[in-house]
Amino acid sequence: MTDPKTISPLDLDTPDETYLDANELVINMGPQHPATHGVLRVILRLDGEKVLGLECVIGYLHRGVEKIAENRTYTMFNPYVDRMDYVAAVSNGLGYCEAVEKLLSVEAPPRAQYIRVILTELNRIASHQLWLGTHALDIGAITPLFYTFRDREEILKIFEKYCGARLTTHAFRIGGLQYEAYDGFEKDVKNFLSFFKPKIDEYEELLTTNRIWLERTKGVGVISGKDCIALGVTGPVLRASGVKWDIRKALPYANYKNFDFEIPTGENGDTYDRYIVRMIEMRQSVRIIEQAVQGIPEGPIMAKVPKVMKPPVGEIYHSIEAPKGELGYFIVSDGSTQPYRVRVRPPSFVNLQALDLMCRDQLVADVIAVIGTLDIVLGEVDR
Amino acid sequence: MHAIIDYIQSYLGSDQTPGAAGNWFWATVYVLLVFVGLSVAVIAMNWLERKILAHMQVRLGPMRVGPHGLLQPIADALKLLLKEDIIPDGADKVVFWVAPFIVVLAAFTVFVVVPFGPTHAITDMNIGILFMLGVSSLSVLGIVTAGWASNSHYPLIGALRSSAQMVSYEVAMGLAVVSAILMTSLHGMGFYGVGGLGTADTGTLSMIGIVQAQQEQQMWFVFKFFPLGLVAFFIFAVAMVAETNRAPFDLPEAESELTAGFHTEYSGFRWSLFFLAEYSAMIAVSSIAVTLWLGGWLRPFPNALQGATWDFIFSLFPGVTFLFLGALCFFNTARMPKHPLFRIQTLGLAGFGALLALIGLVLLVHGVRERVGDIFWFSAKVAGFMYLYIWYRGTFPRYRFDQLMTVGWKVLLPTGLGVLVLTAVWGVF
């Protein structure tokens with residue numbers, strides 16, 4: 001008899017008596033499943049309700065984004081990145097634009113930087129709101145979803161007013177911004193902040209001290225900081241495990257070093273800590289936006305960038321702190337108008353690797369909670 | 001012919017339920033009335049749940065079919081009836097076919113003994129409450145067979161969860177019920193069934209008898225032996241939510257984990273049977289709670305606000321409630337958009353309001369208002385529980401399976417035992 005933990009759940013034809021053991025149930029969760037946040041397929045091996053092991057099958061949303069990049073110019077590829085993490089499209093755009101800017105050795109003017117920070121942080125709030133709503137929904141609380149969607153709408157309205165799109169915004173251009181902030185942009189943002197601050201308390205009121213919520217999240221999906229680092233897990237998941245690593249502070253990009261904000265960390269690395277970390281992150285984002293919107297300087301919004309971009313031969317890796325973790329772009333230029341290779345390091349894809357480790361010996365219901373707490377977006381996992 | 005009319009008339013004026021009086025005609029009429037009333041209640045509950053939940057969640061709920069979506073449940077029912085009837089390939093066809101009927105049968109049969117008034121029950125059994133608990137727990141059979149016959153993993157897990165859950169919560173539920181039954185025989189003088197002053201000294205299991213005991217003792221059991229009755233009531237109130245598989249104990253059909261649990265593979269009419277059963281089971285357990293602890297058909301404050309004047313005031317409640325609902329409809333009619341497209345909807349709402357107001361007026365008529373009080377108060381109390389169900393669903397996350405078992409076995413069961421022992425002791429001293 002082989003050790004059941006070593007058999008791949010995928011290998012259903014294994015002529016092994018452990019598989020025929022009536023105690024074990026192989027269950028296929030997804031790709032069409034309400035709680036896998038898209039088209040993630042998880043093959044679970046269960047002993048009753050206990051998870052013996054699981055395997056993620058991905059690729060159902062693969063669109064070959066990285067390959068597409070090789071056939072597009074640098075500018076043309078910009079809107080494609082929005083389609084990866086579609087709930088945080090602005091962050092994706094920021095990462096790509098900054099990477100190409102680094103390659104071209106240009107820098108966006110200060111005014112553009114400020115507006116970029118405001119929009120990115122708004123997007124971080126929107127992404128966390130969507131995470132909170134769906135995560136709570138997975139755990140069975142249906143009401144927070146509607147609250148967060150109601151408030152997320154206000155952010156999307158600002159995006160829509162700014163660039164015409166709500167989700168896949170294509171807000172930034174390489175070298176700065178295409179659009180000047182519309183009249184009343186600052187007022188809208190300020191209004192949103194004063195509207196949103198009490199709303200965070202409202203979310204917390206529903207969940208933070210809710211007995212059932214505590215029971216469902218405390219001690220569930222625990223991962224240590226060491227394991228996080230070993231697996232390359234980043235973002236709120238890493239911070240909730242007690243590792244103070246935020247690229248906004250560690251390797252400041254855009255003009256984050258001008259702003260005063262804190263990095264929340266957790267202690268236990270469980271689902272509850274991740275929830276708390278993200279809630280505090282929303283408050284910190286509000287803080288950043290408050291500072292940024294006070295100090296938007298006057299000036300141009302676009303740096304001098306050639307119409308036909310031909311970056312010098314070379315390669316660059318640039319990463320930003322997306323709402324879900326470290327979002328990195330590795331771009332190789334061969335000196336032509338099209339990148340030779342674009343490799344994206346998506347936070348969701350890397351974080352998803354921790355799922356098996358976090359779910360072992362937990363119950364089926366916890367798998368759902370852990371998928372929710374990892375905050376994955378399948379568009380980004382599969383690209 | 002005369003014999004038939006005599007037979008029908010012979011029951012009128014009886015102070016027994018038609019079943020107990022042995023009158024087949026009226027028993028059949030009552031069965032039909034209960035069945036129709038229950039179906040209407042389920043339809044209304046469907047609409048109300050969607051509307052109330054929607055308003056808790058900053059949305060509007062159904063608004064298109066009929067004014068304020070009033071016809072939505074009917075449209076849904078039609079849709080379900082017209083849907084293709086799918087039986088999965090690997091399913092055990094006979095069992096698959098039978099399962100929903102078992103569930104529905106169990107859910108409807110319990111209403112045989114539900115007392116809507118001193119004579120308004122299909123029958124009065126001397127073991128009424130036992131019958132109710134016994135029959136309602138039969139539904140677990142239907143759920144297990146449904147899950148097993150589907151030949152699919154999610155339904156199987158859902159069914160297993162469901163059976164474990166229902167069986168373990170029935171224990172706590174039973175203990176709470178027993179402590180309420182003990183109260184029927186206790187009058188504070190001391191002994192069980194051994195003489196005493198005035199009140200019934202032998203306890204009763206009859207649903208009607210339990211309410212009458214509360215009437216005689218001038219106390220709803222929820223307040224009796226404070227706080228014992230209250231604790232027992234709370235145990236029951238928690239266990240009944242688990243028993244009916246509703247949030248926050250809706251694990252068997254935890255949609256985010258098991259898509260739809262035991263009825264994942266069901267569709268169309270069969271699915272609607274499960275739906276019907278779930279809601280009628282909710283109404284059934286709420287009726288048990290109302291009967292045992294909240295005085296059944298008795299109006300509120302039966303001992304504090306006594307006298308003919310108060311009786312008169314309370315007898316106006318049913319009519320006034322319907323008039324209020326009618327007024328609400330008229331108020332919303334005035335708020336409807338004035339666009340010609342909304343004309344039919346506006347008229348429909350006004351018509352519905354007029355119907356409700358008419359019912360309200362009829363219920364105010366002397367001779368009617370004295371007779372509907374029982375049914376009204378019973379239904380109002382049950383409706384309160386239904387609102388609680390919706391409220392729970394809007395606010396609570398879902399328990400995990402092991403936590404659910406912990407709550408059932410480690411919290412509710414010991415508490416229930418304690419309450420039972422204390423109740424018995426309290427009665428003696």
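**Helix 12, the nonpolar cores and the contacts of chain B**

In this predicted model, helix 12 of chain B runs through residues 268-293 and spans 38 Å from its first C-alpha to its last, close to the 38 Å expected for its 26 residues at 1.5 Å a residue. Most of helix 12 of chain B is covered, with 21 of the 26 residues buried. After the helix comes G295(B), which has a positive phi, near 75 degrees.

A look at the nonpolar interior comes next. The largest nonpolar core holds 213 residues, and the members that touch the most others are I118(A), V367(A), V103(B), A176(B), F236(B) and A239(B). Leaving aside residues up to four places away in sequence, F236(B) touches M173(B), A176(B), V177(B) and A289(B). Another core, of six residues, lies apart from the largest one and includes F322(B), C329(B), L349(B) and L363(B).

Between the chains, 25 residues of chain A are in contact with 22 residues of chain B. On the chain A side, at least two residues each come from strand 1 (24-29), helix 5 (110-139), helix 6 (143-163), helix 8 (211-217) and helix 15 (364-374). That side of chain A has 16 nonpolar, four polar and five charged residues.

Within chain B, domain 1 (24-82) and domain 2 (91-296 + 400-429) are distinguished, and their centres, taken over C-alpha atoms, are 23 Å apart. Their contact draws on eleven residues of domain 1 and twelve of domain 2. For domain 1 of chain B, helix 3 (24-56) and helix 4 (72-82) each give two or more residues to this side, and helix 3 of chain B supplies the largest share, eight residues. By class, this side of domain 1 has eleven nonpolar, no polar and no charged residues.

Note on methods
Residues numbered from 1 in each chain as written. Chains lettered and ligands numbered in written order. Predicted model: local features only at pLDDT ≥ 70, side-chain atom pairs only at ≥ 80, totals over all residues. Helix = DSSP H or I, 4+ residues; strand = E, 2+ residues; numbered from the N terminus. Expected span 1.5 Å × (residues − 1). Buried ≥ 20, exposed ≤ 12 C-beta atoms within 10 Å, placed from the backbone. Core = buried A, V, L, I, M, F, W, Y, C linked by C-beta atoms within 7 Å. Contact = placed C-beta atoms within 7 Å. Nonpolar A, V, L, I, M, F, W, Y, C, P; charged D, E, K, R; others polar. Domains from an automatic or database assignment.
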